[in-house]
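Dear colleague,

Please find the structure below, handed over for your records. My notes on it follow directly after.

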Amino acid sequence: MQLVQATGLTKTFSGVRAVDDVSLTVARGEVVGFLGPNGAGKSTTMKMLTGFLTPDAGTASIAGEDVFRRPLQARARLGYLPEGAPAYGDMSVGDFLVFIGRMRGLTGVRLDERLAEMVERVNLEGVWNRSIDALSKGFKRRVGIAQALIHDPDVLILDEPTDGLDPNQKHDMRELIRSIAAGKAIVVSTHILEEVEATCSRVVIIAEGRVVADDTPAALLAKASGPSTLRVSVASGAAAAVGPRLKTLRPDAAIEELEPLDGAVRFLLRFGEDAADPAALARDLAAAGIAVEEIGLYRPSLESVFRAVTGTRPH
Amino acid sequence: MHASLRSVALVFSREFRAYFATPLAAVFLAVFLALSAGMTFFVGGFFERGQADLGSFFAWHPWLFLILMPAIGMRLWAEERRSGVIELLMTLPVRTTELVIGKFLAGWAFTALALALTTPLWLVVLYLGSPDNGVIAASYFGSWLMAGALLAIAACISALTRNQVIAFIGAAILSFLLVMAGFDLVLSALRGWAPGFVVDLVQSLSFLLNFDRLTRGVLEAQTVFLFVSMIVLALWINVQIVDAKKAA
């Protein structure tokens, strides 16, 4: 069974179509990265999945329960981290989690167990009695995750869980998401491609309110870069000489010279359907006496993935 | 405990405690006590009246509540919307009605606390003479009911905005109209064009006139019904507003 199932979600805000016919399914064990530039409709879609916003058209269900017809049953199976991890700032971390836990129907020993697990899993030991207003961004986000996880839901919807965190905190958050992924269906929105690669089993790209791609991260990157593309960096002074040599060494490759970056010129060699072999090219270049700074499989940036799937630039 | 009652109780206790999380509660209670006592003794002429009753105390309540109830109610929903916590609340497995009732009851209980803190005045009149305790009890009850109606209206307005100041001003204006509904200021604005029964209806809504009857010891079913139905109606509208915002 699909734990998250949305069909044809559409939402218009004062004449502007924020979300346009978005459909999405997420199975147990999947972590779906919801990727898109700011304002693409990620948050709006997530708010409709949780039932916080009513769509103009379309349906959504969580663990088989219709979000709009049986909201209480659907919400019971759902954990949600809204954008910015809002919480009652005047409460202590402990009081807040107890409140949310009780509101979710947990009592007695079961509540204590879940609270203890949250402390351990999300690492809230040192801040249990601190007021939420006094916490750092990273801890606030953790409290947000803990309140979403407290009832051990089947479905987790996390809106920008790493936004505004420093690199270490981002890393911790990704580890956390990976560690809870088994047995749940998780939807994570982000605008950072690396994050999707690190944590997600599937990527859904949304742009201007529409789903423009729904695939595995690897397939998506391949789509943006072509089946096999090598990148060769040389010192910019040598670029003029290297271009023709590359052409003679690999006559079957389409060669593109990128703009210089940090004193190096990068060439892209597209091999079409043939497998590219960076090691062989490196040997050949060395044999031809060409000093190469770097050679490897070309990994496109988020920007080029976007261009490839949407035909537009992000932002 | 029934699940709905349980969530009402949880929201109630969180909200009630939230009043004391900031100095706001203390400031509010101090202002209420100072104003109600000041009005009673200095403006209302408590001693000059030569009567052992609390008439000069209760007479000020509609005017005090006009400002104080919007102050208690303004944060109930506006603050949730501003901070984004509304998204958490509305995705918990509880009904909107349970949230609305829990929040309202918290504010109303806080009002009861404020009123309870004025009971030393009752002791004063008991010491000075032999007041009609029935009238005083009815007046307290009536005052609390009227405060409830104004609070429910303030909560309702609070659900319309994310700005507490706007919520306060909106609720204060609406409260003023309801308190004054029996007076020419409001009625003359209607008389020119509204049919007679509308004018009568508006007049019968007047909080001031209804409260006045209560403080004279006339605990009429009609007056109690008015305040209770105002509370129920305002809370019902509150639920509709919160739910309608989901579709906005």
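A cavity here is a set of points, on a 1 Å grid over the protein atoms alone, where a 1.4 Å probe fits but cannot get out. Grid points are joined across faces, edges and corners, and a volume is the space filled by probe spheres set on the points. This is a predicted model, in which local features need pLDDT of at least 70 and side-chain atom pairs count only at pLDDT 80 or more, while totals for chains, interfaces and linings use all residues. Residues are numbered from 1 along each chain as its sequence is written, chains are lettered from A in the order in which they are written, and side-chain values use heavy atoms, with hydrogens and water left out.

The structure holds one cavity of 30 Å³ or more, and the largest cavity encloses about 40 Å³ of space. Among the residues lining this cavity (an atom within 4 Å of a point) are Arg174(A), Glu195(A) and Cys200(A).

As to the interface, 28 residues of chain A are in contact (heavy atoms within 4.5 Å) with 26 residues of chain B. The two chains bury about 2,500 Å² between them, 65% of it on carbon and sulfur atoms; buried area is the accessible area (1.4 Å probe) lost on being put together, summed over both parts. On the side of chain A, Phe52(A), Tyr88(A) and Met103(A) lose the most area to chain B, together 30% of what that side buries.

Two salt bridges (a side-chain nitrogen of Lys or Arg within 4 Å of a carboxyl oxygen of Asp or Glu) are found across the interface. Glu87(B) forms a salt bridge with Lys47(A), with 3.6 Å between the closest N and O atoms.

With kind regards

Terms used. On a 1 Å grid over the protein atoms alone, a cavity is a set of points where a 1.4 Å probe fits but cannot get out, and a pocket is an open set with protein on both sides within 12 Å along at least five of seven lines; lining residues have an atom within 4 Å of a point.
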